[in-house]
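Hi,

Here's the structure I said I'd pass along. Have a look below, and then I'll run through what turned up.

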Amino acid sequence: MIVSLLRKSQALPRFTVAVRRFSSWPTFEELGINPKISQAASQCLGIETPTKMQTQIIPAILKNQKFEDFIVENETGSGKTISIVLTLLTLAHKDYSKFAFSDSELSVPENPNQIFAPRLMESHAFRTPSSLFIVPNRELAMQIDTWSKKLSAIAFPEINHVHLMQTFTRGEDFVYDQMLNFEKYGAPSVLVSTPNRLHEMLLEEKKLVIDRRLKNIFIDEIDLALQILGRYAPLTKKITRLKKPKETQVVLEHCLKELYTRYQAVRKSTFKKEPANRDSFMFENKKNVPYQVLELLYSASKLRDSSKKKRLISQIKNDKVLNDPELMDPLNLTLYRKIHSLCCLSATVSSDLISFMKSRGWFPSPINVIKDRDRTSKVPAIITHSVIVVDKNDNVRNLAPKGFSESISKETMKKPSTDISSRVIEESKDRPSEDNMLFSDEDQSFAIKQSESGIEHIEGDSLKQENKYIVEDEEDETETNGKDNFDFSSRVDNELYSSLMSEIVAKMIELERPTIKSVLVFLEPQRSFHMFSEALEELGYTSEMILDNFTNKDKFRETNETKEKVSNKADTLDNTIKNKDNEYSENKTDSINQYTEDREHIPIYIATESHGRGIDIPDVSHVFILGLPKSPRSYLHMAGRTGRFGKPGKAITVVINRNSKSDGKMRGIFSLLGIKHTDLEYLD
Ligand SMILES: Nc1ncnc2c1ncn2[C@@H]1O[C@H](COP(=O)(O)OP(=O)(O)OP(=O)(O)O)[C@@H](O)[C@H]1O
């Protein structure tokens, strides 16, 4: 009855649309993505149905009338970066359609400060992009570049891509072409850049100018981009960081200052007593030293060593840079009407990181946090995690269960030894409990502690309560925050590391051969790529650095061809592998020469944690992490290069255990991330 009435009143079409909307999942087009771009995404990237996170973030950015700010925290490989690329291309195309012009009409002004002139509005050669996408490394920038070029070549073959998006990175191979495009066509609608290249363009070369055209700022992998120092960082390190902030912070604050100081006309009309300008306002209101300096002074006052305490306090008080309000005071953006939106993304955004960003004044109004609240772990459940421990005699085994390594660690603590790694334990034994931290995450959301009863970890709030104000002395740096502290395999020399690790990787590749598609190897930051890749080559495997994967198209094509070859041969290899598996368990020192012959056809990419952050290499089935990860977050991002968007993957960590702490540390990392360890069946 009601339906027939509705039909008569012609309300049914609207009603059915509403039902369809609520009953079915929206498409990318319905979220506002340009239909041509969504078709291209389906054609070249196989992206058809948006995820929950994508249904939230895409429309929020496209219809962001009030310039709201966002933090997107979702597990690795869940499509954060690609959703921003699709959204930005849609915005860029809108921009382009609004200001359509032919290349011959272009006239970029000689003077880069000449902006927003009517002549420019007609010719549309801008000096400012309308969106900035800051990514922490060149590899990720090149990946975004490749994605956007592919998509726009299919979606808009008639448009020169340089008007939509340009990418700036450092490196001889790139800068020349990038600058040529920029000089010729001006700023695109979307500019993707690494922080260091952006710093050069904005502050050194002064080629890029920030004006009100800039509406959206995105920062991918925000935790890596800022790398905030945690509460256990030495005070001297904190002072240095304050004086020399990370480049992402510098470029972002430069952009925000430019937006607000150049355009005071957009100041909030509700603001009662308007200051002459922001600088004078800040000056007039500065009754005290900047609060960040106050924090430092407070920390210094907690030092135990009184001579050091005095020295540091007077250094902080007298330091010109530290007392410069321009650098130390937060931006007071609440005074002005917001004309931009800031969106930060990562799989790991800690509350300390958010507090830091807020304390700098980057978010004058409440932030929208988009995260998957249903998940208990930020690591995709589809990844299996294993650890190979290499002991002092170079025997390999699975990760030891809990009681096992703790008993060893107690013994080691009692035994006097000249071994440097044991010395660290002995020294730490007599110190107060907070100083027995083995390592802690950069945001200090957790720590792993050495105690009399063994190795234990403390987490989140309990850690905050327990050690509210810990100040480390200068000399403690290596023990509390230095890389040495994180990774005891760093005490192994480069040559031994390369040969040992390459042999293990080679053996594992053979044993895992039936499921291997391509392999990503993470080296410790200080290790030589060449030494490792040569060691692998001696065993018959060719490898390449990840950047080549995005820049050298021929190599990439070759890699795809070889992948096919590998999969064709996979069936015939099956039997050989089973035999190899048995051989391996029987005699782990078997000659590597017995391995199958097509080993050079397996795509192996090499990266370090910072170069590999955020990248998406298709079909990485196995990730090898060669060395103890420096924190759970670090492990999560490295392991997250596999198991992407529902594809299965294995993360295998190889640790060289020189002092029996590695088992405890790995267990701590897994337990904090909510990960289960899977024993490799062919190891003891
Ligand atoms: N809706 C979708 N449908 C199918 N595939 C998708 C979808 N969204 C993303 N993908 C694929 O998932 C993979 C990971 O995407 P992306 O790199 O954007 O993830 P991410 O969340 O940024 O990862 P990370 O946190 O590791 O940087 C890509 O290969 C992408 O093509």
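**Salt bridges and cores**

Asp145 and Lys149 sit four residues apart in helix α8, about one turn of the helix. Before going further: this is a predicted model, so read everything here with that in mind. The two side chains form a salt bridge, with 2.8 Å between the closest N and O atoms. Their surroundings are worth a look too: Asp145 has 8% relative accessibility, under the 20% cut-off, so it counts as buried. Lys149, at 43%, counts as partly exposed.

There's a similar story in helix α25 (residues 494–511), where Lys507 and Glu503 are also four residues apart, about one turn of the helix. Their side chains meet in a salt bridge at 3.7 Å, N to O. Here Lys507 is the buried partner, at 7% relative accessibility, while Glu503 is partly exposed at 33%.

Which parts of the chain does the salt bridge between Asp95 and Arg213 tie together? Asp95 is in helix α6 and Arg213 is in the loop between α11 (195–204) and β5 (216–219), so the pair links parts that are 118 residues apart in sequence. The N to O distance is 3.2 Å. Asp95 counts as buried at 14% relative accessibility, and Arg213 does as well at 10%.

If you're checking charged groups, there's also a salt-bridge network linking Arg170, Arg197, Glu200 and Glu205. Over the whole structure, the search finds 18 salt bridges.

Now the nonpolar side. In soluble globular proteins, nonpolar side chains tend to be buried together. In this model the largest nonpolar core has 41 residues, and the members touching the most others are Ile57, Ile84, Leu86, Leu88, Phe133, Ile144 and Val192. Several elements give two or more residues to this core, among them α4 (35–45), α5 (52–62), α8 (138–155) and the strands β1 (69–73) and β6 (341–346). Helix α6 provides the largest share, with nine residues.

Phe133 is a handy place to centre your view. Leaving out residues up to four places away in sequence, Phe133 touches Thr81, Ile84, Val85, Leu88, Ile144, Leu191, Val192, Ser193, Phe218 and Asp220. There's also a second, separate core of 39 residues, including Leu214, Ala225, Ile339 and Met357.

Cheers

Notes:
Residues are numbered from 1 along each chain as its sequence is written. This is a predicted model: local features need pLDDT of at least 70, side-chain atom pairs count only at pLDDT 80 or more; totals for chains, interfaces and linings use all residues. Side-chain values use heavy atoms; hydrogens and water are left out. A nonpolar core is a set of buried Ala, Val, Leu, Ile, Met, Phe, Trp, Tyr and Cys residues joined through side-chain atoms within 4.5 Å. Buried means under 20% relative accessible area, exposed over 50%, partly exposed in between (1.4 Å probe, protein chains only). Contact means heavy atoms within 4.5 Å. A salt bridge is a side-chain nitrogen of Lys or Arg within 4 Å of a carboxyl oxygen of Asp or Glu.
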